[in-house]
Amino acid sequence: MTRLRPVVARLRRGRRRTKPGSYQTGFTGLTGLKAQKKSSPSEILSVFSRVERQAQCVEPFGVMRRAIYPGSFDPVTNGHLDVIERACTLFDQVIVAVAINDQKQPLFAPDERLAMLRRAIRNSNVRVAPMEGLLVEFAALEKAHAVVRGLRAISDFEFEFQMALMNRKLDPEIETIFLMPKEEYTYLSSRIVKEIAKLGGDVSAFVPPPVAKALAKKFRIKLGEVAPIT
Ligand code: ADP
């Protein structure tokens, strides 16, 4: 962990768009506080240390609030899409990060998962990207300060809580934000959708149409009814 710190710090330094010590005035960050025009940099730093951190990712038109939404997305469900929409109301840009070194033995290959997400997401403020390695390193590379995760039920909580605290330990500047989906999606998971599809059930109410098609095809291939694309 200690060996990681310098790596994350180096990546984070790469975030700085403005010269160190120079501050954009007049912006409001997540705190809603406005930097005073006549304050010296050190005064601003001591009073608004959090705003200073946001100033490290000042974009030409102000502070870019960028979040990462990581997951396996094997495949994307309407629950994931609900979380993405909610995240878009809080952040300027949401990067949906598809874990490609997933130990869960996913049904869909990384490229398939990326393509299904890209087809399902219409919002131009959302980018879908593959993610290898540690989430905190990916977040630092992408100049993001927040990680979004979905919380469906208490059963999600223990794992999510552990992961959020571990990520904070690895990089104290990362905040994890939990979003709850619409009630009707709280029982929905990629795993359950795959189980229904495997048994020939209709999953069209739970996933975007191309995903429902892809699932049907995947299981027909697995059962040997359709020749796989080579
Ligand atoms: P992971 O393998 O990292 O759990 P998933 O693709 O299963 O990845 O989920 C990614 C994130 O989306 C997790 O935070 C998970 O809790 C959340 N999530 C999954 N399904 C839903 C849903 N139906 N509603 C809200 N959040 C969800």
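**View 1. The whole chain, with nine helices and seven strands.** Helices here are DSSP runs of H or I with at least four residues, strands are runs of E with at least two, and the numbering starts at the N terminus. This is a predicted model: local features need pLDDT of at least 70, side-chain atom pairs count only at pLDDT 80 or more, and totals for chains, interfaces and linings use all residues. Residues are numbered from 1 along each chain as its sequence is written, and side-chain values use heavy atoms, with hydrogens and water left out. Of the chain's 230 residues, 44% count as buried (under 20% relative accessible area; exposed is over 50%, partly exposed in between; 1.4 Å probe, protein chains only). About 13,500 Å² is exposed by the chain, with 54% of that coming from carbon and sulfur atoms (Shrake-Rupley areas, 1.4 Å probe; for residues, only the protein chains shown count as cover). Among contacts (heavy atoms within 4.5 Å) with a separation of 6 or more, 74% join residues 24 or more positions apart.

**View 2. Helix α7, residues 154–170.** Its 17 residues reach 25 Å from first C-alpha to last, close to the expected 24 Å (1.5 Å times one less than the number of residues). There's a bend of about 25° at E160, taken as the angle between axes fitted to the seven residues ending there and the seven starting there. E160 is also one of the buried residues of α7, along with D156, A164, N167 and L170. An α-helix has 3.6 residues a turn, so residues three or four places apart point the same way.

**View 3. A nonpolar surface patch built from I154, F157, F161 and L165.** The patch covers about 420 Å². To join a patch, a residue needs over 30% relative accessible area and no salt bridge; like charges are joined within 9 Å, and nonpolar side chains (Val, Leu, Ile, Met, Phe, Trp, Tyr) within 5 Å. A salt bridge puts a side-chain nitrogen of Lys or Arg within 4 Å of a carboxyl oxygen of Asp or Glu. F157 sits in α7 and counts as partly exposed because its relative accessibility is 40%.

**View 4. The loop between β3 (66–71) and α4 (78–90), home of P75.** The D74 to P75 peptide bond is cis, with omega near 0°. F73 lies in this loop too, and its phi is near 50°, so positive despite not being glycine. Most residues other than glycine have a negative phi, and most peptide bonds are trans. F73 counts as buried because its relative accessibility is 2%.

**View 5. K143, in the loop between α6 (135–141) and β6 (146–150).** K143 is another non-glycine residue with a positive phi, near 60°. At 19% relative accessible area, K143 is buried.
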